[in-house]
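Me: I am new to this structure and would like a close look at a single part of it. Could you take one helix and walk me slowly through what surrounds it?

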Amino acid sequence: MEIPMLAPICLIENSPAGELWVQQEALRVLAEISQPVVVVAIAGLYRTGKSYLMNKLAGKRTGFSLGSTIQSHTKGIWMWCLPHPRRAGHTLVLLDTEGLGDVEKGDTKNDTWIFTLAVLLNSALVYNSMGTISQQAMDQLHYVTELTERIKVKVAGEGSWQEGEDSAEFLWFFPAFVWAVRDFTLQLELDGREITEDEYLENGLKLKTGSSRRAQLYNLPRECIRQFFPARKCFVFVQPAGRRDLPRLEELQEDELEPEFREQVARFCCHVWETSTPKTIPGGHVVTGATECQ
């Protein structure tokens with residue numbers, strides 16, 4: 001891709017009937033990319049500021065559309081292809097997904113398919129949530145427990161399809177996992193000592209002992225995250241500005257944002273840029289835009 005995209009375009013349309021359609025214009029853009037692609041997607045509940053983080057990864061103030069009302073703003077999956085800021089000769093493909101849990105949509109199966117596509121298409125998945133890593137946050141991530149029901153992989157040399165959970169090839173398709181916790185107000189302390197953001201995540205993923213139904217329900221999303229995403233990272237973000245300024249977040253100058261928030265966003269972007277690897281498929285084959293659109 002010699003000329004970078006000036007703005008995102010729709011990759012997968014989510015129709016009013018809940019059907020997902022790949023957009024031909026997006027496929028044409030991908031087909032022109034001969035470089036290896038590093039694909040980063042973001043998923044999470046609607047109205048939680050996902051698009052803002054993606055614009056930061058693009059190095060732009062605006063691009064992916066931000067909304068300031070209670071309604072979900074991004075529909076389907078939108079794509080932005082840009083020169084990679086850290087890897088020469090690579091293209092950074094950013095995917096902004098429709099917010100999950102939109103009460104106006106009322107179709108959890110549709111949400112599950114969007115989340116599944118976000119997992120399969122990318123090198124790194126950012127899961128964006130608000131507040132804390134709590135039981136409610138885990139319950140809202142129930143989509144991860146349904147992945148094996150949605151994904152089948154073709155076993156090399158056999159030509160047959162089988163359920164992902166029974167295949168050694170399954171994890172080849174799974175990306176690195178980054179949990180972004182927004183508007184975080186707690187102190188990172190545990191048992192009287194300071195802990196890192198990663199330790200905070202791992203503590204939230206601890207399993208309960210016992211075989212009761214309650215313990216099984218508690219452990220299920222945690223077990224899935226631990227199994228499917230062995231490479232995982234956590235970042236917490238304070239509220240970026242005062243409440244009155246939040247609806248116009250993309251209009252604010254950098255010096256109008258909380259200094260701690262700016263530092264947290266900078267660390268997050270550097271991590272994603274520097275650690276996200278080119279998309280590969282089983283066998284270690286590096287994917288280009290042309291092969292990705294196939």
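Reply: What follows looks at helix α6 and then at two of the elements that cover it, strand β9 and helix α7.

Please keep in mind that this is a predicted model. As a setting for the close look, the protein chain has 294 residues, of which 45% count as buried, and its secondary structure comes to nine helices and 14 strands. The accessible surface of the chain comes to about 14,900 Å², and 51% of that surface belongs to carbon and sulfur atoms. If one takes the contacts between residues at least 6 apart in sequence, 68% of them join residues at least 24 apart.

Helix α6 itself spans residues 197-204, and within this stretch E197, Y200, L201 and G204 are buried. When one looks down the axis of α6, these buried residues fall within an arc of 95°, so they line one face of the helix. What lies over them? The cover of the buried residues of α6 includes three helices, namely α4 (135-140), α7 (213-228) and α8 (259-275), together with the strands β9 (176-182) and β12 (232-236).

Of these covering elements, β9 deserves a careful look on its own. Six of the seven residues of β9 are buried, so this strand is largely enclosed by the rest of the structure. Strand β9 pairs with β6, which holds residues 124-130, in the parallel sense over seven bridges, and within this pairing the bridge partner of L125 is F177 in β9. Strand β9 is also joined to β12, again running parallel, and here the number of bridges is five; V178 stands opposite K233 of β12. Strand β12, in turn, is itself listed in the cover of the buried residues of α6.

The other covering element to follow is helix α7, where C224 is found. With a relative accessible area of 8%, C224 is buried, since the cut-off for that word is under 20%. Leaving aside residues up to four places away in sequence, C224 touches V144, T145 and F229. As for E146, it is 78 residues away from C224 along the sequence, while the C-alpha atoms of the two residues are 9.2 Å apart in space.

Taken together, the close look leads from the buried residues on one face of α6 to a cover that includes β9 and α7, with β9 pairing with β6 and joined to β12, and with C224 buried in α7.

Terms used:
Residues are numbered from 1 along each chain as its sequence is written. This is a predicted model: local features need pLDDT of at least 70, side-chain atom pairs count only at pLDDT 80 or more; totals for chains, interfaces and linings use all residues. Side-chain values use heavy atoms; hydrogens and water are left out. Buried means under 20% relative accessible area, exposed over 50%, partly exposed in between (1.4 Å probe, protein chains only). Helices (H or I, at least four residues) and strands (E, at least two) are DSSP runs, numbered from the N terminus. The arc is that of the directions from the helix axis to the C-beta atoms. Contact means heavy atoms within 4.5 Å. Accessible areas come from the Shrake-Rupley method with a 1.4 Å probe; for residues, only the protein chains shown count as cover. Two strands pair if DSSP finds at least two bridges between them.
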